[in-house]
Amino acid sequence: MLYHIYEAQRALIEPFAEIADATAKLFSNPLMPFGQLPASQRVAASYALFHRLGKDYEKPEFGIRQVPVDGVQVAIDERIEIDKPFCELRRFKRFSDDPATLLKLKEQPPVLIVAPLSGHHATLLRDTVRTMLQDHKVYITDWKNARLVPLSEGEFHLDDYINYVQEFIRHLQSKYGNCHVISVCQPTVPVLAAISLMASRGETTPLTMTMMGGPIDARRSPTQVNNLATQRSFAWFENNVIYRVPHNFPGAGRRVYPGFLQHSGFVAMNPDRHATSHWDFFRDLVRGDESSAETHRKFYDEYNAVLDMDADYYLETIKTVFQDFSLMQGTWDVRSPAGKIERVRPQDITGTALLTIEGELDDISGSGQTKAAHDLCTGIERKPGRHYEVPGAGHYGIFSGRRWRQQVYPRVRGFIADHPLPPGAASVPSASVTKLDARAARGSAKSARETQKAA
């Protein structure tokens, strides 16, 4: 019922927010009579702030049109490589008419960036993608808003997330021989599970996995996010944050953790900081500092755009990662697309190098939580420099902004470069990959037939 009330409120406020936007433009235009009135800038700023607080924030675009590669501007064509019910594997294809640049692009390594499914859209990693494109072939998991996925597509579980990641890894391996994987925040746990399961089956695993700011062991340096998950019972989450999607969306009736509740939680973690930011935005508009005001708009266009998460996936993540600590306890079992139950064993990974990155001031994934991956992956040789704590960086600073570009990315780029594909490895996809893809497809088809029979 809360979701329906929220939608009714949003529908009521939206036209007033649009009127406020038009009024703000009217009073801020010096060519209009209203723009000549005393205190017109203050009036315009007030209406502009109301518009920002009341508007509905849709999913932003990545908007990456070109990137520099060795001083040459390379065009970017964004395309969907694989379209799954709850996720799109998005590729950023690079083009150039400069022969030397084109040859360089072909030789660069492929990277799968696994974006978080924890409230914000994958576009939150826009800076990550843009920077990586200078030296890599880049793919990213673009998770869909659950309220837009019809009930006919079935449920989405944490196991499905893991199976998606494995399918995407195999896809890149079939094209290039192998790939590198980067997981940011929430996906560090399911990505480690996915690669562990591949290793246990004897599949070829990625050349490297880079894990950034994730809750591998949420018991270490617990944050406000961790404490909430441990202080509340599983039943509390199911009864208090799970609602059904209203009838005006394609996913009507689906049980979800709504995006507006997640956004409320984000803001509640640092209310003073957000209040100050909006006040600064108002003052910037009054002073005519359009550059600072635009920076504010860009940040909150991304920050305020949230998505709904399927209830099964969300609740299973809470229980597995933040309550039972199943990965660290060695008790995590995952169901494959074929229906087989498999135990997650990170110690089976031997052919994949591991780099972990944390922010010194991260208030979402505390110190040591990501580094714990090294303790689990005992089959990987531990080398100096394979863990990096970014000085002065918060959670977002490790994958976006100046610290990401100047401090973190050079280490990630060097780490990937130190683990190239063997010569000729990209010529033919391995038999194990082809066989497992076929097996997974048969399992998916079988599951679909069973679902139809049950219906």
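**Entry 1: Glu7**

I began with Glu7 and asked which residues it touches beyond its sequence neighbours. Setting aside residues up to four places away in sequence, I found Arg147, Pro246, Asn248 and Phe249 touching Glu7. A note to myself before going on: this is a predicted model. Glu7 belongs to helix α1, which covers residues 2-28. Is Glu7 buried or exposed? Its relative accessibility is 6%, so Glu7 counts as buried. I also looked at what its side chain does, and found a polar contact of 2.8 Å with the side chain of Arg10.

**Entry 2: Thr317**

Next I turned to Thr317, which sits in helix α12 (residues 311-323). Thr317 has a relative accessible area of 11%. The cut-off for buried is under 20%, so Thr317 is buried. Leaving out neighbours within four places in sequence, I noted Leu158 and Phe322 as its contacts.

**Entry 3: Lys175**

Where is Lys175? I found Lys175 in helix α5, residues 158-176. Lys175 is partly exposed, because its relative accessibility is 32% and that class lies between the 20% and 50% cut-offs. I then checked for a partner of its side chain, and a polar contact of 2.8 Å leads to the side chain of Glu81. Out of curiosity I compared Lys175 with Pro110: they are 65 residues apart in sequence, and their C-alpha atoms are 9.5 Å apart in space.

**Entry 4: Glu294**

Glu294 took me to helix α11, which runs over residues 290-303. With 31% relative accessibility, Glu294 counts as partly exposed. Which side chain does the side chain of Glu294 meet in a polar contact? That of Arg297, at 2.9 Å. I looked up Gln66 as well: Glu294 and Gln66 are 228 residues apart in sequence, and 21 Å separates them from C-alpha to C-alpha.

**Entry 5: the second largest pocket**

Helix α11 came up again when I looked at the second largest pocket. This pocket holds about 1,100 Å³ of space. I counted 36 residues in its lining, and those closest to its centre are Leu124, Phe299, Tyr303, Tyr396 and Ser400. Which helix gives the most to this lining? Helix α11 does, with ten residues. Helices α4 (126-132), α9 (259-269), α10 (271-287), α11 and α15 (402-417) each supply at least two lining residues. I sorted the lining by type too, and got eleven nonpolar, twelve polar and 13 charged residues.

**Entry 6: cavities**

How many cavities of 30 Å³ or more are there in the whole structure? My search gave three. The largest cavity has about 40 Å³ of space. Its lining is made of Leu354, His374, Cys377, Ile380, Glu381, Arg382, Lys383 and Arg386. By type, that is three nonpolar, one polar and four charged residues.

**Entry 7: nonpolar cores**

I had a general idea in mind here: in soluble globular proteins, nonpolar side chains tend to be buried together. The largest nonpolar core in this model has 62 residues. Those with the most contacts inside this core are Leu112, Tyr161, Leu192, Met209, Ile216, Tyr314 and Trp332. I then found a second, separate core of 37 residues, which includes Phe62, Ile182, Val390 and Trp404. Going back to Leu192, I asked what it touches once residues up to four places away in sequence are left out. The list is Met209, Met211, Ile216, Leu327, Pro346, Ile349, Leu376 and Cys377. I had already met Cys377, in the lining of the largest cavity.

**Entry 8: two positive phi angles**

I finished with the backbone. Asp70 is not a glycine, yet it has a positive phi of about 55°. Asp70 lies in the loop between β1 (66-69) and β2 (72-84). Its relative accessible area is 63%, so Asp70 is exposed.

Ser221 is not a glycine either, and its phi is positive at about 40°. I found Ser221 in the loop between β7 (208-212) and α7 (224-231). Is Ser221 buried, exposed or partly exposed? Ser221 is partly exposed, because its relative accessible area is 39%.

Terms used. Residues numbered from 1 in each chain as written. Predicted model: local features only at pLDDT ≥ 70, side-chain atom pairs only at ≥ 80, totals over all residues. Heavy atoms only, no water. Helix = DSSP H or I, 4+ residues; strand = E, 2+ residues; numbered from the N terminus. Buried < 20%, exposed > 50% of the residue type's maximum accessible area, 1.4 Å probe, protein only. Polar contact = N/O pair within 3.5 Å; in protein donor to acceptor, adjacent residues only side chain to side chain. 1 Å grid on protein atoms, 1.4 Å probe; cavity = no way out; pocket = protein on both sides within 12 Å on 5 of 7 lines; lining within 4 Å. Points joined across faces, edges and corners; volume = space filled by probe spheres on them. Nonpolar A, V, L, I, M, F, W, Y, C, P; charged D, E, K, R; others polar. Core = buried A, V, L, I, M, F, W, Y, C linked by side-chain atoms within 4.5 Å. Contact = heavy atoms within 4.5 Å.
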